[in-house]
Amino acid sequence: MKRYPSDFRSGFVAIIGRPNTGKSTLMNRILGEKLSITSAKPQTTRYAVKGIWNTDHHQIIFIDTPGYLKPRYEMQERMAKIISDSFRDVDLVIFMTQIQSFPTDYDLQVLELLKNLKSPVLAVFNKIDLVNEIDKERLQEQLPKSVEKSVFVSALSGEGISELEQSICHYIPYHEPYYDDDQLSDLPLRFFAKELIREAIFHLFEDEIPYATAVLIERFQELPDKVVVDAVIWIERSSQKPILIGKGGANLKKIREYAEAQLVEFLQFPADVHLFVKINENWRKKAHALKELGFE
Ligand SMILES: Nc1nc2c(ncn2[C@@H]2O[C@H](COP(=O)(O)OP(=O)(O)OP(=O)(O)O)[C@@H](O)[C@H]2O)c(=O)[nH]1
Ligand SMILES: [Mg+2]
């Protein structure tokens with residue numbers, strides 16, 4: 001077995017915050033790898049996505065969570081549970097917010113949730129590229145006392161990220177690594193195929209469609225020369241079907257091309273994606289449908 005130096009650190013960090021603040025962008029930035037899908041629309045992330053940051057000195061496991069919202073659908077209730085589960089047993093919680101609008105009601109709700117935690121909380125003010133001046137004191141005054149430190153970054157440009165990385169490491173205990181040191185996530189490749197198809201839909205459609213769709217991978221086959229993926233896209237109502245498919249299949253083709261290109265980039269290997277559309281009425285409210293999607 002490989003030996004690790006006694007000052008090797010390993011631990012878990014949950015990233016929590018309201019939708020669209022840049023949680024997934026931050027995790028991808030630190031990992032240097034696009035692991036969690038992102039989009040300009042809120043509520044992009046639906047699962048707790050673990051990303052593993054390996055260096056010679058540490059292994060830090062980030063848990064990117066869905067943006068917290070008061071649940072309206074059963075699916076959002078499941079998402080809220082994913083978030084509260086992810087606080088538990090972590091070495092550090094990152095409270096993520098965006099500087100230009102802090103504090104919103106949502107920010108305050110999230111901070112309230114974090115008040116009685118055992119784990120230390122680090123506040124990250126993101127999107128500093130969007131503001132001209134930063135009044136750090138005024139912002140910090142509005143954080144509860146339980147927040148140990150705040151850091152100002154742009155996950156998009158990379159500004160402030162190395163300082164944040166140092167701050168994070170400080171909270172990680174001395175421990176042997178929990179995962180193999182060549183592992184980037186604990187999730188299987190088919191999960192990423194599904195997520196990239198969802199990202200395509202988030203990028204290509206407005207309004208209700210991204211939220212009314214879910215993706216299931218029916219086949220993920222690793223052939224010698226390529227990976228083949230068959231995926232079913234669920235929609236909630238028959239009226240959404242022509243929108244998703246488009247004239248002569250034009251929209252479905254765009255989804256496929258986008259997802260295929262992203263998957264090839266992610267796998268560094270050729271990939272074919274085949275898409276099928278199915279109506280599953282009101283799946284967001286159905287327990288068995290949610291179970292099929294992996295929400296327990
Ligand atoms: N200008 C600017 N935009 C950013 C920055 N970080 C993220 N964004 C953008 O903000 C949007 C939301 O980013 P995500 O990473 O998907 O946000 P999230 O917090 O994971 O959102 P949910 O998964 O919906 O909770 C995307 O369009 C990002 O490109 C930043 O530092 N500056
Ligand atoms: Mg996200």
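For the class counts used below, Ala, Val, Leu, Ile, Met, Phe, Trp, Tyr, Cys and Pro are nonpolar, Asp, Glu, Lys and Arg are charged, and the others, Gly among them, are polar. The model is predicted.

**Exercise 1. Describe the largest pocket and the classes of the residues that line it.**

Solution.
Step 1. The largest pocket holds about 390 Å³ of space.
Step 2. Its lining comprises 27 residues, and Asn-20, Gly-22, Thr-25, Ser-39 and Lys-127 lie nearest the centre.
Step 3. Sorted by class, the lining of the largest pocket contains 14 polar, 8 nonpolar and 5 charged residues.
Step 4. Helix α1 (residues 23-31) contributes the most to this lining, namely 3 residues.

**Exercise 2. State which domains are assigned and how many residues each gives to the contact.**

Solution.
Step 1. The domain assignment gives domain 1 (9-170) and domain 2 (189-292).
Step 2. In the contact, 17 residues come from domain 1 and 23 residues from domain 2.
Step 3. Taken over C-alpha atoms, the centres of domain 1 and domain 2 are 27 Å apart.

**Exercise 3. Identify the residues with the most contacts inside the largest nonpolar core, and locate the core relative to the domains.**

Solution.
Step 1. The largest nonpolar core has 67 residues, and Phe-62, Leu-164, Ile-168, Ile-197, Ile-233 and Ile-255 have the most contacts inside it.
Step 2. Domain 1 (9-170) and domain 2 (189-292) each supply at least three residues to this core.
Step 3. Another core, of 25 residues, lies apart from it and includes Ile-16, Phe-102, Leu-139 and Leu-143.
Step 4. Leaving out residues up to four places away in sequence, Leu-164 touches Leu-26, Ile-30, Leu-122, Val-124, Val-151 and Val-153.

Notes. Residues numbered from 1 in each chain as written. Chains lettered and ligands numbered in written order. Predicted model: local features only at pLDDT ≥ 70, side-chain atom pairs only at ≥ 80, totals over all residues. Heavy atoms only, no water. 1 Å grid on protein atoms, 1.4 Å probe; cavity = no way out; pocket = protein on both sides within 12 Å on 5 of 7 lines; lining within 4 Å. Points joined across faces, edges and corners; volume = space filled by probe spheres on them. Helix = DSSP H or I, 4+ residues; strand = E, 2+ residues; numbered from the N terminus. Core = buried A, V, L, I, M, F, W, Y, C linked by side-chain atoms within 4.5 Å. Buried < 20%, exposed > 50% of the residue type's maximum accessible area, 1.4 Å probe, protein only. Domains from an automatic or database assignment. Contact = heavy atoms within 4.5 Å.
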